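Reader: I'm new to this one and would like a close look at a single part of it. Could you walk me through a helix, and then show me what else is worth a glance?

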Amino acid sequence: MNVWKANGLKYILLCSLILCAVASVVSLWSYSGSSASQSAAVRQGPSGGFGGGSRPGGGMGGPGQPTNSSTEGTSTSGDKGTTTGNDTSVSGGSGVARDGQHRGPGGMSGNGSGMGGPGGGMGGGRSGNSSSAYATPLAIFAALFFGAFVFIAYRFRAREWKLGERNRGLMLWTVLGVGFFLRMAIAPWISGHMDLMLFRNWATTAADSLSGFYTNGSSDYPPFYIYILYVIGQIGSTDAFSPYMTVLLRLPNILADIVTAYMLYRLASKRVGYGISLGLAIFYVFNPAVFINSTFWGQVDSFFTMLIVGMIVLLVENRVGWSAVLFTVAVLMKPQGIIYGPVLFFELLRQRKIQPWLLSIGGAVVTTILVILPFSWGQEPLWLLDLYKGTVGEYPYASVNAYNFFALIGGNYTQDTTTLFLFSYHTWGMICIVLVTLFTWWMYIRSRKPQFAAAAALVLIAGVFTFASSMHERYLFPAAALAVLAYLYLRDRRFLWLAGGFSLTIFLNTFDIFYSSNSRDQYGIILCVTSLLNVLLFGYLVKVVWDCSKSTTIETAPSTDRVSPELPSAQPAWGASSQGVNTTIDS
């Protein structure tokens, strides 16, 4: 009995970790056998797979069937169609859109009635999508998560989060391990979005010839993530791993979820104590908005967010050169990385030194050359600039399924040249980008602190997403992590409410697009509520940032807004912290 009292928590944690690991192994093993059976069935006749048609829902295995990822046949990438084993997709003609999005008259269709079954081509409703069976459990999990978040955040006090010194490492790795193995157990059985099919085709093309990726195929993605797809393509081409191609495509972003949670934990453990640090790690690892993006949808926003979080942390720590490197990598991965450029620019101006400018410019130039050089053979000198121009001009709409202000007033899939009052949607969007950037600069100057970088990045992405044109549903994704980061640097509890609020709107937007037919003229309750929430959250963020930008509030703040770290009795006080942060315990 004494042994159990002393080690009970440790045993429970170890059992939880082992149980999730076993569940992950069993899930992957079962999926491999199912994939092999389905592959044999497809070879024997036209009763399933692409174009089968005789099965309700047709296409990718029918309802409840996992998508096979074996690499039979060929894989091509381009505007004239793609066919890849049993993970077959058609990405040709006018139906192919950039950024991995598949958009026709019915909007996104990766979760429609299959591919080739009743319901029409690439569109339709939920029937035939194997992922739709998990919509209800996911919605229930999200409701429980956000309900628990509201309860905990409402009662949040530093004293209530004190945990014992024992089993700290085991508790952390249990949280991270359970989050990882849970994702790995679920990932094989979710067919994912059409984006996964494009990623698969790009991975195969890159594996065939990395240097000829852009000349042999057609992709609007900048070069950096192609390296990741190249590795996946090489691994997935082997017999042992070919059945797990859809899992391999998700793996970098599943790992990025865990790495980002660990980064937040490490930073938090230095600033707010262990109890809150572990709580923030749990918040990110099991956040439905994070979960649905990497594990269900199969998109790469988690990897992109990891880069942005790393960039901000390095910037605050005055490692400006490396921060510029990560920023450059982020832009070379996704064009919207440029949204965070002003944060680096503001900090360089604040320092008023030539050396940080040289380090930043040098790091950016060297990184760009190293990343694009292998793809540049046989290309025009300005091929990368042309690639970005094509990507930026691909979606001339006020909103592209982004539940923001333009969507709220009925502008989803409305041409951005349409006049709204005096100007077009596009012009209003550019005006708002300028205003948001100027406001952020003013707040940064007002704060006089590099710790304000996370809050500045949060204002930029939230403001641009909410009021600019051509935004996609997933562009707000980094806001959840940035809000947590802003709380850690500015110690204002209201950022935790913003983290929860943005997580909710990100999840609702992603869930609605992933599981609905998403007709362009759809104007439902989820769109209205989520769009309105995003507008209100941005207004609340402006108020919080205004309060925090006062230089004195970064040093000290009212106890109602600030929560200080838990301080073990054996540790010295934090009054002499190099960050100059208030350490008064919230009462």
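Reader: Which are the buried residues of α2?

Author: Keep in mind that this is a predicted model. The buried residues of α2 are Ala135, Leu138, Ala142, Phe145, Phe146, Phe149 and Ala153. If you look down the axis of α2, those buried residues fall within an arc of 90°, so they line one face of the helix. Turn to the face pointing away from that buried side and you meet the exposed residues Thr136, Ala143, Leu144, Phe151 and Tyr154.

What do the buried residues sit against? Those of α2 pack against three helices: α8 (274-285), α9 (288-297) and α19 (494-515).

You can also check the length of α2 yourself. The helix runs over residues 135-154, which makes 20 residues, and at 1.5 Å a residue they should span 28 Å. The end C-alpha atoms of α2 are indeed 28 Å apart, so the expected span and the model agree.

Now for another helix, α12, which covers residues 341-351 and includes Val343. With a relative accessible area of 0%, Val343 counts as buried, because the cut-off for that is under 20%. Leaving aside residues up to four places away in sequence, Val343 touches Ile312, Leu315, Ala453, Ala456, Ala457 and Leu460. Val343 and Pro450 are 107 residues apart in sequence, yet their C-alpha atoms are 9.6 Å apart in space.

Next, the empty spaces. The largest pocket has a volume of about 670 Å³. Its lining is made of 33 residues, and Val392, Ser469, Ser470, Met471 and Tyr475 are the ones nearest the centre. The elements that each supply two or more residues to this lining are α14 (383-392), α16 (425-447), α17 (453-467) and β6 (471-472). Of these, α16 gives the most, with 5 residues. Sorted by class, the lining of the largest pocket has 18 nonpolar, 9 polar and 6 charged residues.

There are closed spaces too: the count comes to 2 cavities of 30 Å³ or more. The second largest cavity holds about 40 Å³ of space. Around this cavity you find Asp301, Phe304, Thr305, Gln336, Tyr340, Arg474, Tyr475, Phe477 and Pro478. That lining divides into 5 nonpolar, 2 polar and 2 charged residues. One name may ring a bell here: Tyr475 helps line the second largest cavity and also lies among the residues nearest the centre of the largest pocket.

Conventions: Residues numbered from 1 in each chain as written. Predicted model: local features only at pLDDT ≥ 70, side-chain atom pairs only at ≥ 80, totals over all residues. Heavy atoms only, no water. Helix = DSSP H or I, 4+ residues; strand = E, 2+ residues; numbered from the N terminus. Expected span 1.5 Å × (residues − 1). Buried < 20%, exposed > 50% of the residue type's maximum accessible area, 1.4 Å probe, protein only. Arc of directions from axis to C-beta. Contact = heavy atoms within 4.5 Å. 1 Å grid on protein atoms, 1.4 Å probe; cavity = no way out; pocket = protein on both sides within 12 Å on 5 of 7 lines; lining within 4 Å. Points joined across faces, edges and corners; volume = space filled by probe spheres on them. Nonpolar A, V, L, I, M, F, W, Y, C, P; charged D, E, K, R; others polar.
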